[in-house]
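Got your viewer open? Let's take a walk through this one, stop by stop, selecting a few things at a time.

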Amino acid sequence: MSIILVCDRLNKQTGETIKAIWQNTFYPYKLYLPLPASELHRLNTDMPSLICEPVEPSCSPGQRVDAALKRCEGDYIAIVPDGFPIDHVWAEGSLYALMNSGRDGDGFELKGSTDRLWGAVVRRSDLDLARRRFPHLPVRESLKA
């Protein structure tokens with residue numbers, strides 16, 4: 001699974017989100033962090049499987065997801081906003097449901113997802129298709145379209 005953490009900058013909340021992902025994710029994963037190079041240079045962590053993806057400071061959240069998506073290796077992708085409530089089963093339920101879904105285009109919102117802090121698990125191929133077809137839309141709306 002590839003996890004894309006969507007944030008604007010590094011701050012205490014981002015550090016807490018990264019820490020919670022590291023402590024509470026049991027399915028094999030890589031965490032992608034699309035941030036401006038100036039922010040990435042401030043990052044001080046030994047977290048395994050953290051992939052830093054430099055982006056322009058003016059990038060929208062959708063463009064940050066697009067940049068990370070180009071490097072993602074997993075068949076399944078979790079899109080997680082900074083500050084999302086991460087607990088011991090934050091992604092596994094949605095991931096399990098998706099892995100056992102036989103329908104193309106299925107995706108599952110993460111437990112605790114809201115309109116303000118929206119997160120989901122989707123197939124990489126579906127996210128790639130949605131972003132190529134509807135790059136001008138926010139990620140959630142491009143997946144719905």
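A polar contact is a pair of N or O atoms within 3.5 Å; within protein, one of them must be able to donate a hydrogen and the other to accept it, and residues adjacent in sequence count only if both atoms are side-chain atoms. Keep in mind that this is a predicted model, where local features need pLDDT of at least 70, side-chain atom pairs count only at pLDDT 80 or more, and totals for chains, interfaces and linings use all residues. Residues are numbered from 1 along each chain as its sequence is written, and side-chain values use heavy atoms, with hydrogens and water left out.

**Stop 1: S113**

Select S113 and G119. The side chain of S113 reaches the backbone nitrogen of G119 at 3.0 Å. You'll find S113 in the loop between β5 (107-109) and β6 (120-123); helices (H or I, at least four residues) and strands (E, at least two) are DSSP runs, numbered from the N terminus. Is S113 buried or exposed? It is buried, at 16% relative accessible area. Here buried means under 20% relative accessible area, exposed means over 50%, and partly exposed is in between, using a 1.4 Å probe and protein chains only. Leaving aside neighbours within four places in sequence, S113 is in contact with F84, W118 and G119, where contact means heavy atoms within 4.5 Å.

**Stop 2: strand β6 and its partners**

Slide along to β6. A120 and V122 point one way from this strand, V121 and R123 point the other way, and all are buried. That fits a general pattern: in a regular strand the side chains alternate between the two faces of the sheet.

Now show the neighbouring strands. Two strands pair if DSSP finds at least two bridges between them. β5 and β6 run antiparallel and are joined by three bridges; select F108 and you can look for its bridge partner in β6, V121. β4 (76-81) also runs antiparallel to β6, with four bridges joining them. For that pairing, try Y76, whose bridge partner in β6 is R123.

**Stop 3: helix α5**

Next, pick α5, residues 124-133. Which residues are buried in this helix? They are D126, L127, A130 and R131. These buried residues sit on the same side of α5 because they cover an arc of only 125° around the axis, the arc being that of the directions from the helix axis to the C-beta atoms. An α-helix has 3.6 residues a turn, so residues three or four places apart point the same way. Turn the helix around and you meet R132 and R133, which are exposed on the other side. The buried residues of α5 pack against α3 (61-69), β4, β6 and α6 (139-144).

**Stop 4: S142 in α6**

Hop over to α6 and select S142. At 1% relative accessible area, S142 is buried. A polar atom of its side chain lies 2.8 Å from the backbone oxygen of V139. Setting aside neighbours within four places in sequence, S142 is in contact with A130, R131, F134 and L137.

**Stop 5: the nonpolar cores**

A nonpolar core is a set of buried Ala, Val, Leu, Ile, Met, Phe, Trp, Tyr and Cys residues joined through side-chain atoms within 4.5 Å. Select I3, L31, L33, V80 and W90: of the 27 residues in the largest core, these touch the most other members. The elements giving two or more residues to this core are β1 (2-6), α1 (12-24), β2 (30-35), β4 and α4 (92-99). Apart from it lies another core, of 15 residues, among them C72, I77, V122 and V139.

While you're here, colour β1. Both of its faces are covered, with S2, I4 and V6 buried on one side and I3 and L5 buried on the other. β1 pairs with β2 in the parallel sense over three bridges, and the bridge partner of I4 in β2 is Y32.

**Stop 6: the cysteines**

Last, show the sulfur atoms. How many disulfides are there? The count comes to zero, taking a disulfide as a pair of cysteine sulfur atoms within 2.5 Å. Try C52: the closest cysteine sulfur, in C7, is 10 Å away, too far for a bond. C52 counts as partly exposed, at 29% relative accessibility. C59 is in no disulfide either, since the nearest cysteine sulfur, that of C7, is 12 Å away. C59 counts as buried, at 18% relative accessibility.
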